[in-house]
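I sat down with this one to look up a few residues and write down what I found. Here are my notes, in the order I made them.

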Amino acid sequence: MFYLSPVARNLLIANVVVFFLSYFLNQDYITQQFAFFNPILPGSPELLNPNFKIWQPFTYMFMHGSLGHLLSNMFALLIFGSGIETFFGSKRFLIYYLITGIGASFIYSMVNMYDMLQFSPDSEAYWIMAGIPMVGASGAIFGILIAYAYLFPDNEMIIFPFPIPIKAKYLVAFYAIYELYAGVKGTSMGIAHFAHIGGLLIGFILLRFFGFGKARY
């Protein structure tokens with residue numbers, strides 16, 4: 001019988017509810033208030049992005065740009081979340097999920113600031129980048145993926161449509177390499193690849209150096 005742990009279930013429900021609820025509200029207002037905007041305007045005398053709100057590093061995780069975006073993230077949460085929550089315990093799992101998601105937003109922000117510095121603050125391209133928000137649970141989901149690979153490295157999975165099983169550690173390593181390549185090359189526009197990398201990186205740091213790699217007692 002399939003088991004869905006309580007925090008994973010509640011996160012899934014929250015993401016789905018927020019996604020569909022946003023269709024009945026003013027979407028532009030919801031985006032401006034709750035999507036994540038880079039807080040810093042590098043090289044600009046204004047310094048702080050007027051679009052940024054202090055709660056956005058938290059709220060952006062519960063917003064998604066499309067149904068496909070939502071389904072892909074929630075599928076990963078459904079498959080991997082309960083195993084990680086069972087290992088961590090519910091409280092630690094929620095803390096881990098939120099830290100990786102919030103941390104991913106700041107990794108993305110640093111890369112975004114570097115990209116903005118390639119343009120003059122007086123240029124149109126600079127302000128277009130400043131006004132593009134990020135949404136999605138992908139940073140936290142990639143934190144879950146690295147946790148699964150770290151804790152259960154030799155577990156084998158079959159990824160549709162490929163019939164050959166692959167160990168979790170190799171699958172996540174492939175994902176990481178692809179995300180780094182895609183982020184550097186600028187492929188798949190509209191996808192925050194460095195937020196994914198950020199989720200992996202923050203997750204690994206928590207697992208390796210902050211005791212999240214140890215089972216609860």
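Is phenylalanine 58 buried, partly exposed or exposed? I looked it up, keeping in mind that the model is predicted. Phenylalanine 58 comes out as partly exposed, because its relative accessible area is 39% and the buried class ends under 20%.

**Entry: the ring pairs**

I counted aromatic pairs next, and the total is 17. Phenylalanine 58 is in one of them, with phenylalanine 62 as its partner. The two ring centres are 5.4 Å apart and the planes make 55 degrees, so I wrote the pair down as tilted. Phenylalanine 62, at 12% relative accessibility, is buried, whereas phenylalanine 58 is partly exposed.

I then went to tyrosine 126 and tryptophan 127, which also pair. Their centre-to-centre distance is 5.4 Å, but here the planes stand at 70 degrees, and the pair is edge-to-face. Tyrosine 126 is buried at 0% relative accessibility. Tryptophan 127 is partly exposed, with 35%.

I also noted an aromatic cluster made of Phe80, Phe87, Phe88, Tyr96, Tyr148, Phe152 and Phe212. One charge caught my eye as well: the charged end of arginine 208 sits over the ring of phenylalanine 209, 5.6 Å from the ring centre.

**Entry: the nonpolar cores**

Which residues touch the most other members of the largest nonpolar core? I got Leu77, Ile84, Phe88, Phe93, Tyr96, Tyr97 and Ile144, out of 46 residues in that core. At least two core residues come from each of α1 (6-22), α4 (67-88), α5 (90-116), α7 (138-151), α8 (168-185) and α9. The largest share is from α7, which supplies 10 residues. A second core lies apart from this one; it has five residues, among them Leu41, Met116, Met129 and Ala130.

I picked isoleucine 84 for a closer look. Beyond its neighbours within four places in sequence, isoleucine 84 is in contact with Phe93, Ile144, Ala147, Tyr148, Leu151 and Phe152.

**Entry: glycine 199**

Glycine 199 is in helix α9 (residues 193-209). Its relative accessible area is 0%, so I have it as buried. What does glycine 199 touch, leaving out residues up to four places away in sequence? I listed Thr100, Ala104, Gly139, Phe142, Gly143 and Ile146. I also took the C-alpha separation between glycine 199 and isoleucine 107, which is 8.5 Å for residues 92 places apart along the chain.

**Entry: the loop between α2 and α3**

I looked at two residues here. Leucine 47 is in the loop between α2 (27-34) and α3, and its phi is positive, about 65 degrees, although this residue is not a glycine. Leucine 47 is partly exposed, with a relative accessible area of 46%.

Asparagine 51 is in the loop between α2 and α3 too. At 22% relative accessibility, asparagine 51 counts as partly exposed, because the buried class needs under 20%. Not counting residues up to four places away in sequence, asparagine 51 touches Gln32, Phe37, Gln56, Ala130 and Gly131. From asparagine 51 to alanine 195, 144 residues apart along the chain, the C-alpha atoms are separated by 19 Å.

**Entry: tyrosine 178**

Tyrosine 178 is in helix α8 and is partly exposed, at 34% relative accessibility. Its C-alpha atom is 9.8 Å from that of isoleucine 197, with the two positions 19 residues apart along the chain.

**Entry: the UniProt record**

I checked the unreviewed UniProt entry, which lists residues 7-25, 58-81, 93-114, 126-151, 158-178 and 190-210 under "transmembrane region". I followed up two of these spans in the model. Residues 58-81 are 71% helix and 0% strand, and the end C-alpha atoms are 19 Å apart. Residues 126-151 are 73% helix and 0% strand, with the end C-alpha atoms 42 Å apart.

**Entry: confidence**

Where is confidence lowest, and where is it highest? The lowest mean is 77, in α8, and the highest is 97, in helix α3 (residues 56-59). Over the protein, the mean pLDDT is 89, and 93% of the residues reach 70 or more. My reminder to myself is that where pLDDT is low, the predicted coordinates should not be read in detail.

Key:
Residues are numbered from 1 along each chain as its sequence is written. This is a predicted model: local features need pLDDT of at least 70, side-chain atom pairs count only at pLDDT 80 or more; totals for chains, interfaces and linings use all residues. Side-chain values use heavy atoms; hydrogens and water are left out. Helices (H or I, at least four residues) and strands (E, at least two) are DSSP runs, numbered from the N terminus. Buried means under 20% relative accessible area, exposed over 50%, partly exposed in between (1.4 Å probe, protein chains only). Contact means heavy atoms within 4.5 Å. A nonpolar core is a set of buried Ala, Val, Leu, Ile, Met, Phe, Trp, Tyr and Cys residues joined through side-chain atoms within 4.5 Å. Rings of Phe, Tyr and Trp (its six-membered ring) pair if their centres lie within 6.5 Å; planes under 30 degrees apart count as stacked, over 60 as edge-to-face and the rest as tilted. A charge sits over a ring if NZ of Lys or CZ of Arg is within 6 Å of the ring centre and within 35 degrees of the ring normal. UniProt positions are given in the numbering used here, feature names are shortened, and annotations may be inferred rather than shown by experiment. pLDDT is the predictor's confidence in each residue, from 0 to 100.
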